[in-house]
Amino acid sequence: MSTVGDVLKALETIAPQRFAFPFDKVGLQLGDPSWTVRKASVSLDWSEGLCDFMDSNGSELAICHHPLIWEPLTTVTSNSRSGQIALRLLTSKRAFIACHTNWDSAVGGVNDALASRLGLKDVRAFGSASDVKQLKLVTFVPKEHAERLIDALSMAGAGSIGLYERCAFLSAGEGTFRPQEGSAPTIGSVGNTETVEEVRVEMVLRAEHKVGVINALKENHPYDEPAFDLYPIEPLPEQPAGRIGELPAGMPLAEFCALVDVQLGTKTLAWGAPKKTVRSVAVVGGAADGEWKNAKSAGADVFVTGEVKQNVALDAAESGIAILSSGHFATEQPGMEALTLRLRDTMPSVDWSLYVPEIGSGGRAF
């Protein structure tokens, strides 16, 4: 029998929470990890319509793209729409998980699904990404024990740089110490000063792996009291959210807009010369008009997003890149379809359903 906790573990492989932007609220927002899940519903938004859908199919869990809880709560009452939904879910012992910018950024997520729906080829990531907090571990070990220790630290998460693993820098030197009463020295004896040829080992690690790496160090170092330091270093960007790819053949902007409308079932607003030939297309679903500059820098002829403010439309169009406002729901719903399929493959023990609101309701425009 699967639990909410099992679903959270599956989501961590599909859309790791570290991919989420710092401002975001993702993960379990209502419920208990121990609750049983036999049926679950996936939805772009939380709504009364979603709750009705869950009533009809017996879902015990909702996974939504948009978080139910955003600001710190002071009350959960029926005086707010989010409070009404929270009370309705909790009183029927139903859990709620938000999978937001982590699913935007993840491979196969919202923006990969949008790029696929538009028929883009040679798709690659671009644009804003969450920062990864990093540390550098420095420790000292006798030369003959260095390789074994590096292996253990690597297994615990240290030493990964891009597409390389088990990365370490070694420099030779001498260590000196005098064991005191009660110690169990690997080298030397109590009361005597010792000098040992040692290797300084340096490895980088994500801050989230700190505890595991320290435990691996202590368990695999030959000394009973190993010396080590952890230094904060410059963070690195995670998986970017945006995607850019190529159309099979160039086409006029007006023709591309018509294609977008057909593929997404929407009505697009476009800014740019209708006859301009476009081939390189950048996409970021939802409210992401601020990414147009990154799209332009990445070489896009046109940028597709869900919502575009008037001043942004003006700035983008006059800079030479066309920009499309194709609807928040229309640009993100393909990603929720993709998430439902991934969850069905990953957790077949749960009966997964996708909620699609009727046109004109549930945040879906017409």
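Here is a quick tour of this chain, from its overall build down to a small group of aromatic rings.

**The whole chain**

First, a word of caution: what you have in front of you is a predicted model. The protein chain contains 11 helices and 15 strands. If you lay the C-alpha trace along its principal axes, the protein chain spans about 85 × 55 × 40 Å. The radius of gyration of the protein chain is 26 Å, while a compact globule of 366 residues would have one near 21 Å.

How much of the chain is tucked away? Of its 366 residues, 46% count as buried. The accessible surface adds up to about 18000 Å², and carbon and sulfur atoms hold 52% of that. As for who touches whom, take the contacts in the protein chain with a separation of 6 or more: 71% of them are between residues 24 or more positions apart.

**A cluster of rings**

Now let's zoom in. The model has 4 aromatic pairs. One of them joins Phe 21 and Phe 23, and this pair is edge-to-face. Another one links Phe 23 to Trp 70, and that pair is tilted. Here are the numbers for these two pairs:

| Pair | Centre to centre | Between the planes |
|---|---|---|
| Phe 21 and Phe 23 | 5.8 Å | 75° |
| Phe 23 and Trp 70 | 6.2 Å | 45° |

Why does the first pair count as edge-to-face and the second as tilted? The label edge-to-face goes to planes over 60 degrees apart, stacked to those under 30, and tilted to the rest. An angle of 75° therefore makes Phe 21 and Phe 23 edge-to-face, and 45° makes Phe 23 and Trp 70 tilted.

What does the pair of Phe 23 and Trp 70 tie together? Phe 23 lies in the loop between helix 1 (4-14) and strand 1 (27-30), and Trp 70 in the loop between strand 3 (61-64) and helix 3 (81-91), so the pair connects parts that are 47 residues apart in sequence.

Taken as a group, Phe 21, Phe 23 and Trp 70 form one aromatic cluster. Which of these rings belong to buried residues, and which to partly exposed ones? Phe 21 is buried, at 16% relative accessible area. Phe 23 is partly exposed, with 46%, and Trp 70 is partly exposed too, with 33%.

Trp 70 has one more neighbour to look for: the charged end of Lys 25 sits over its ring, 5.3 Å from the centre.

Key:
Residues numbered from 1 in each chain as written. Predicted model: local features only at pLDDT ≥ 70, side-chain atom pairs only at ≥ 80, totals over all residues. Heavy atoms only, no water. Phe/Tyr/Trp six-rings, centres within 6.5 Å; stacked < 30°, edge-to-face > 60°. Buried < 20%, exposed > 50% of the residue type's maximum accessible area, 1.4 Å probe, protein only. Helix = DSSP H or I, 4+ residues; strand = E, 2+ residues; numbered from the N terminus. Lys NZ or Arg CZ within 6 Å of the ring centre and 35° of its normal. Rg over C-alpha atoms; globule rule 2.2 N^0.38 Å. Contact = heavy atoms within 4.5 Å. Areas by Shrake-Rupley, 256 points an atom, 1.4 Å probe, with all protein chains shown as cover.
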